[in-house]
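Please open the model in your viewer and keep the sequence panel beside it, since each stop on this tour begins with a selection.

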Amino acid sequence: MSLVRRASGRFLLIDSYGVTGTDRERLLALTDNGAAIEAILNVHPFHTLHCEAAHQLAPKARLIGTRRHREQAPDLPWEDGVIEDTATQAEFSADLDFSVPEGVDLVTDDPDVHAASVLVRHRASGTVHVDDTLNVLAAPGPLKKLLPQSRLKFHPMLPKALQQRAGAADDYARWARDLAENWAGTRIVCAAHSAVRQLPKGGWRREVLHALSDVEKTLGKHREAHG
């Protein structure tokens with residue numbers, strides 16, 4: 001979960017988590033006991049377990065998710081608009097950029113395939129929040145300080161997420177190249193489950209293009225099968 005301060009001074013939560021202890025105390029202190037949190041934006045369709053906890057943290061905040069969030073937690077007060085739609089994203093465009101991968105299904109029939117999500121970039125800080133679509137491999141526990149992080153990598157389930165149609169591999173590659181260029185000023189990547197990655201100048205563009213090069217064999221096999 002990421003906490004974003006808008007230019008207006010109010011806050012957005014990106015994704016839901018049952019934050020506890022000192023982290024919870026600090027978050028509530030920053031946000032007037034949660035009252036200054038304007039909205040909770042849930043951007044990964046398969047991350048649904050903590051939506052209730054986040055809503056309880058800021059019960060007056062607008063609650064926005066993907067279509068799957070609404071299906072999985074129908075008792076929560078979801079807004080009608082879903083975050084994968086550009087009309088909903090536009091409501092937050094003064095502070096955030098959004099990107100949805102092309103050529104893959106946001107929600108697949110296999111619940112273990114999490115290769116797509118709605119990526120979010122906070123312009124003012126140059127920070128990207130990404131769940132699963134881009135990964136950072138980091139050692140656990142005390143080893144994290146001793147072993148280097150990996151560079152950015154696309155999700156290993158990409159082969160199963162690509163749409164079974166001609167042109168899907170090309171659409172994904174084009175999306176990745178555009179992402180590398182359009183968000184080239186990114187300095188920090190908050191990657192779900194693993195790490196916060198600090199990037200040097202130009203690091204985002206280099207690492208995203210390198211990640212694309214790493215999956216070229218996967219994309220090539222898809223082209224051979226589907227065109």
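The stops below move through a predicted model, one selection at a time.

**The open sheet**

Begin by colouring strands 1 to 4, which form an open sheet in the order 1-2-3-4 with mixed pairing. At the edges stand strand 1 (2–5) and strand 4 (62–64), and because each has a single partner strand, one side of each is left without a neighbour in the sheet. If you look along the sheet, neighbouring strands are turned against each other by 20° on average, with direction ignored.

Next select residues 11–14 and 37–41, that is strand 2 and strand 3, which pair in the parallel sense over four bridges. Which residue of strand 3 is the bridge partner of Ile14? Selecting Leu41 shows the partner in question. Now add residues 21–30, which make up helix 1; this helix lies across strand 1, strand 2 and strand 3, and runs at about 15° to strand 1.

**The two cysteines**

Select Cys51 and Cys190 and display their sulfur atoms. Why does the sulfur of Cys51 form no bond with the closest cysteine sulfur? The closest one belongs to Cys190 and is 19 Å away, which is too far for a bond, given that a disulfide requires sulfur atoms within 2.5 Å. The count of disulfides accordingly comes to zero. Cys51 is buried, with a relative accessible area of 1%, and Cys190 also counts as buried, at 19% relative accessibility, a value to read against the cut-off of under 20%.

**A threonine in a loop**

Move to Thr108, in the loop between strand 5 (96–99) and strand 6 (119–122). Is this residue buried or exposed? At 12% relative accessibility, Thr108 counts as buried. Show its side chain together with the backbone of Asp110, and you will find a polar atom of that side chain 2.7 Å from the backbone oxygen of Asp110. Leaving out residues up to four places away in sequence, Thr108 touches Phe46, Val113 and Ala161, so display these three as well.

**An aromatic cluster**

The model has four aromatic pairs. To see one of them, select Phe154 and Trp175, whose rings form a tilted pair at 6.2 Å centre to centre, with 50° between the planes. Since Phe154 lies in strand 9 (residues 153–154) and Trp175 in helix 6 (residues 168–182), the pair ties together parts that are 21 residues apart in sequence. Phe154 counts as buried at 6% relative accessibility, and Trp175 is buried as well, with a relative accessible area of 4%.

The rings of Tyr172 and Trp175 have their centres 5.3 Å apart and their planes at 45°, so this pair too is tilted. Both residues lie in helix 6, three residues apart, or about one turn of the helix, and both Tyr172 and Trp175 are buried. With Phe154, Tyr172 and Trp175 displayed together, you are looking at one aromatic cluster.

**An arginine on helix 7**

For the last stop, select Arg205 in helix 7 (residues 203–214), which counts as partly exposed at 36% relative accessibility. Its neighbours within four places in sequence aside, Arg205 is in contact with Ala180 and Glu181. With the side chains shown, Arg205 and Glu181 can be seen to make a polar contact at 2.7 Å. Finally, add Arg177, which is 28 residues from Arg205 along the chain, with a separation of 8.5 Å between the C-alpha atoms of the two.

Technical notes
Residues are numbered from 1 along each chain as its sequence is written. This is a predicted model: local features need pLDDT of at least 70, side-chain atom pairs count only at pLDDT 80 or more; totals for chains, interfaces and linings use all residues. Side-chain values use heavy atoms; hydrogens and water are left out. Helices (H or I, at least four residues) and strands (E, at least two) are DSSP runs, numbered from the N terminus. Buried means under 20% relative accessible area, exposed over 50%, partly exposed in between (1.4 Å probe, protein chains only). Contact means heavy atoms within 4.5 Å. A polar contact is a pair of N or O atoms within 3.5 Å; within protein, one must be able to donate a hydrogen and the other to accept it, and residues adjacent in sequence count only if both atoms are side-chain atoms. Two strands pair if DSSP finds at least two bridges between them. Axes are lines fitted to C-alpha atoms, for helices over the stretch in contact, and angles run from 0 to 180 degrees between N-to-C directions. Rings of Phe, Tyr and Trp (its six-membered ring) pair if their centres lie within 6.5 Å; planes under 30 degrees apart count as stacked, over 60 as edge-to-face and the rest as tilted.
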